[in-house]
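Work through the exercises below with the sequence and the model open. Each task is followed by a solution in steps.

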Amino acid sequence: RRGGASGNGTFDDIWIAAIFGLALYRLACKKMEDGNLDQIFSRAAIEPKAQKTAQLLEFLSRQDKTMEPGLLKATAQKTFEAMQLCWQNREYAPMRAMLAANLYAGHLTQIENMRRDHEINMIEDLKALAVDIVGIRYTIKEDSRFFTALITAEAKDYYIDDTDNSFIRGDSQPEKFQEFWTFNFSAGKWLLCVIEQTAESDTLTKEDFFEQFTD
């Protein structure tokens, strides 16, 4: 499965570069391989930030339809579900239009590594249990706008050998997991650019950013 600025171009470039650098750290860092990265936030921990972000989105969406909460949630869920299927099939072409170029290239490399190692990452009984929009970075420059969704899901996640379908490693039963997915508004649409494991993200404690109202 995978801060404030004032319109200063230099800061924006550094911030975006950092985002894309993180993007290459992806799907292979799954809970069964890096269990220390897995942390499940309770609803009590999620709701305060989700509600604050929802209030900002309610205001923004009145003047900018690309910020409608329903659109953002639908974008995150559609991308999430499509990615799991493409990842398992090791056929990633359908994801090209949904991902930032760096993230797409990084995922292709990992898929090629799985092919080389004769591994298939099976993702069975996948259920998206919740999609919460918990982060917004809204700037005057459209291509510096981001939103972050916390996806809570459940799946049986394991690897098999593609030569004989034998079990290699992974879950023996469905397990719950969460990931932060960050999207960038690029060329008129939202593209997934970063996937963070819960324990490596500060999204729930970081303030949303609205350039026009920030000193």
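A residue is called buried when its relative accessible area is under 20%, and exposed when that area is over 50%. By this cut-off strand E5 is mostly covered, with 8 of its 9 residues buried. The model is predicted.

**Exercise 1. Cover of the strands**

Task: state how many residues of E2 and of E4 are buried.

Solution.
Step 1. In E2, 14 of the 16 residues are buried, so this strand is mostly covered by the cut-off of under 20%.
Step 2. In E4, the count is 9 of 12, so E4 is largely enclosed by the rest of the structure.

**Exercise 2. Strand pairing**

Task: work out which strands pair with E2, and in which sense.

Solution.
Step 1. E1 and E2 run antiparallel and are joined by 15 bridges. Methionine 122 has tyrosine 158 in E2 as its bridge partner.
Step 2. E2 also pairs with E4, again in the antiparallel sense, over 10 bridges. Here alanine 155 is partnered by glutamate 175 in E4, and alanine 153 by phenylalanine 177 in E4.
Step 3. Strand E3 (residues 167-170) is joined to E2 by 3 bridges, and the two run antiparallel. Tyrosine 159 has arginine 169 in E3 as its bridge partner.
Step 4. The charged end of arginine 169 also sits over the ring of tyrosine 159, at 4.1 Å from the ring centre.

Task: find the partner of E4 in E5, and the residue with a positive phi in each hairpin.

Solution.
Step 1. E4 and E5 are antiparallel and share 8 bridges. Phenylalanine 180 stands opposite glutamate 196 in E5, and asparagine 184 opposite leucine 191 in E5.
Step 2. The hairpin of E4 and E5 has 2 residues between the strands, and alanine 187 takes a positive phi near 50°.
Step 3. The hairpin of E2 and E3 has 5 residues between the strands; in its turn, asparagine 165 has a positive phi of about 65°.

**Exercise 3. Helix H3**

Task: check the span of H3 against its number of residues, then say what its buried residues pack against.

Solution.
Step 1. H3 covers residues 69-89, which is 21 residues. At 1.5 Å a residue the helix should span 30 Å.
Step 2. The C-alpha atoms at the two ends are 31 Å apart, which agrees with the expected span.
Step 3. The buried residues of H3 include Leu72, Thr75, Ala76, Thr79, Phe80 and Met83. An α-helix has 3.6 residues a turn, so residues three or four places apart point the same way.
Step 4. The partners of these buried residues are helix H2 (43-63), helix H4 (101-116) and the strands E1 (119-138), E2 (146-161), E4 (175-186) and E5 (189-197).
Step 5. Arginine 90 follows H3 and has a positive phi near 55°.

**Exercise 4. Aromatic pairs**

Task: give the number of aromatic pairs, and classify the pair of tyrosine 92 and tyrosine 104.

Solution.
Step 1. Counting rings whose centres lie within 6.5 Å gives 11 aromatic pairs.
Step 2. The ring centres of tyrosine 92 and tyrosine 104 are 5.9 Å apart and the planes meet at 25°, so the pair is stacked, the cut-off being under 30 degrees.
Step 3. Tyrosine 92 is in the loop between H3 and H4, and tyrosine 104 is in helix H4, so the pair ties together parts 12 residues apart in sequence.
Step 4. Tyrosine 92 is buried, at 2% relative accessibility, and tyrosine 104 is buried at 8%.

Task: do the same for phenylalanine 147 and phenylalanine 183.

Solution.
Step 1. This pair is stacked too, with 4.8 Å from centre to centre and 5° between the planes.
Step 2. Phenylalanine 147 is in strand E2 and phenylalanine 183 in strand E4, so the pair links distant parts of the chain, 36 residues apart.
Step 3. The relative accessible area is 1% for phenylalanine 147, which is buried; phenylalanine 183 is buried at 0%.
Step 4. Ring pairs join Phe147 and Phe183 with Phe185 and Trp190 in a cluster.

Note on methods
Residues are numbered from 1 along each chain as its sequence is written. This is a predicted model: local features need pLDDT of at least 70, side-chain atom pairs count only at pLDDT 80 or more; totals for chains, interfaces and linings use all residues. Side-chain values use heavy atoms; hydrogens and water are left out. Helices (H or I, at least four residues) and strands (E, at least two) are DSSP runs, numbered from the N terminus. The expected span of a helix is 1.5 Å times one less than its number of residues. Buried means under 20% relative accessible area, exposed over 50%, partly exposed in between (1.4 Å probe, protein chains only). Contact means heavy atoms within 4.5 Å. Rings of Phe, Tyr and Trp (its six-membered ring) pair if their centres lie within 6.5 Å; planes under 30 degrees apart count as stacked, over 60 as edge-to-face and the rest as tilted. A charge sits over a ring if NZ of Lys or CZ of Arg is within 6 Å of the ring centre and within 35 degrees of the ring normal. Two strands pair if DSSP finds at least two bridges between them.
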